[in-house]
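I opened this notebook to record what I looked up in one structure. The entries follow the order in which I consulted the model.

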Amino acid sequence: MPFREINSKMIEATVIPGQRLFSQRGAMLAYRGDVSFTPNITGGQGGLMSMIGRRVAGEATPLMTVEGSGTVMFGHGGHHIQVIALTGDTLYVEADRLLAFDGTLEQGTMFMGSQGGVMGMVRGQVTGQGLFTTTLKGHGSVAVMAHGGVIELPITPGRPVHVDPQAYVAHHGDVRNKLSTALGWRDMVGRGSGEAFQLELSGSGAVYVQASEEKL
């Protein structure tokens, strides 16, 4: 079920009988109709292993299952909200950034070391994702949170995109990413992340970048 953007910090979702969505606990602002909110203990369509993965990752972000018939308004902490439509590919996003997403999407957990070994784990620490990151796969909509607005940058073959790791929000598509140092190790002392590290994304897809280096 697609989300309707009310403004940059609020969205509205239509809840239909027989369908469900998941939201971060505390994200509901208001609702109309016969809608129920129950704590989710199975980690979405990823099931128990997805939940265990998030616990190991330290991403124990509590989710609520939203069902019934009506409309729900979501927002959280005054953060900017970006709605992303998935058409069969996989979205990689930090669990804390998830505001709400369709129940049709399959949720999983990916070990950062599986994409780049030790540098993949370092990349996870620099971007704030930690050793694990959340994946959402399938057809549906996802609402993610960020600071100061978000821009979607297309990634096309032969034209990689370089991003400040702390401005990185999420990416989807057939994308390879690696962390590179823009300076020598001695020069990095006292430098900000954007000066010391660069996140290079190549392939085919899109990356979402926030307008601030502030973390959620």
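**Entry 1: aromatic pairs.** I began with the aromatic rings of this predicted model and found that the structure holds two aromatic pairs. I noted one of them in full: Phe22 and Phe101 form a tilted pair, with 5.5 Å centre to centre and 35° between the planes. I then asked which strands hold Phe22 and Phe101. Phe22 lies in strand 3 (residues 20-24) and Phe101 in strand 7, so the pair ties together parts that are 79 residues apart in sequence.

I next asked whether Phe22 is buried or exposed. Phe22 has 0% relative accessibility and therefore counts as buried. I looked up Phe101 as well, and its relative accessibility of 0% makes it buried.

**Entry 2: nonpolar cores.** I turned to the nonpolar cores, where the largest has 17 residues. Phe101 is listed among the residues with the most contacts inside this core, together with Leu86, Leu91, Leu98, Leu136, Val142 and Val144. I recorded that strand 6 (80-93), strand 7 (98-102), strand 9 (132-146) and strand 12 (168-181) each supply at least two residues of this core. Apart from this core lies another, of 16 residues, and I noted Val35, Val83, Leu99 and Met145 among them.

I then followed Leu98, leaving aside residues up to four places away in sequence. Leu98 touches Gln24, Val93, Thr134, Leu136, Val142, Ala143, Val144 and Met145.

**Entry 3: Ile81.** I located Ile81 in strand 6. Its relative accessibility is 1%, so I entered Ile81 as buried. What does Ile81 touch, not counting residues up to four places away in sequence? I listed Glu5, Ser8, Lys9, Met10, Ile11, Phe74, Gly75, Leu99, Ala143 and Val144. I also looked up the separation of Ile81 and Arg97, which are 16 residues apart in sequence and 9.4 Å apart in space, C-alpha to C-alpha.

**Entry 4: Thr135.** I found Thr135 in strand 9. With a relative accessibility of 13%, Thr135 falls under the 20% limit and therefore counts as buried. Beyond four places in sequence, Thr135 touches Thr90, Leu91, Tyr92, Glu106, Gln107, Gly108, Thr109 and Met110. I noted that Thr135 and His172 are 37 residues apart in sequence, and that their C-alpha atoms are 9.4 Å apart in space.

**Entry 5: the chain as a whole.** I then took the totals for the chain. The chain has three helices and 13 strands. Buried residues make up 51% of its 216 residues. Of the contacts in the chain with a separation of 6 or more, 80% are between residues 24 or more positions apart. I recorded an accessible surface of about 9,900 Å², of which 54% belongs to carbon and sulfur atoms.

**Entry 6: confidence.** I closed with the confidence values. The chain averages a pLDDT of 79, and 71% of the residues score at least 70. Over residues 116-121 the pLDDT is below 50, and I noted seven contacts for this stretch in the model beyond near neighbours in sequence. I also asked how many contacts beyond four places in sequence the model has for residues 185-194, where pLDDT stays under 50. The model has twelve such contacts for residues 185-194. I added a caution to this entry: where pLDDT is low, the predicted coordinates should not be read in detail.

Methods. Residues are numbered from 1 along each chain as its sequence is written. This is a predicted model: local features need pLDDT of at least 70, side-chain atom pairs count only at pLDDT 80 or more; totals for chains, interfaces and linings use all residues. Side-chain values use heavy atoms; hydrogens and water are left out. A nonpolar core is a set of buried Ala, Val, Leu, Ile, Met, Phe, Trp, Tyr and Cys residues joined through side-chain atoms within 4.5 Å. Buried means under 20% relative accessible area, exposed over 50%, partly exposed in between (1.4 Å probe, protein chains only). Helices (H or I, at least four residues) and strands (E, at least two) are DSSP runs, numbered from the N terminus. Contact means heavy atoms within 4.5 Å. Rings of Phe, Tyr and Trp (its six-membered ring) pair if their centres lie within 6.5 Å; planes under 30 degrees apart count as stacked, over 60 as edge-to-face and the rest as tilted. pLDDT is the predictor's confidence in each residue, from 0 to 100. Accessible areas come from the Shrake-Rupley method with a 1.4 Å probe; for residues, only the protein chains shown count as cover.
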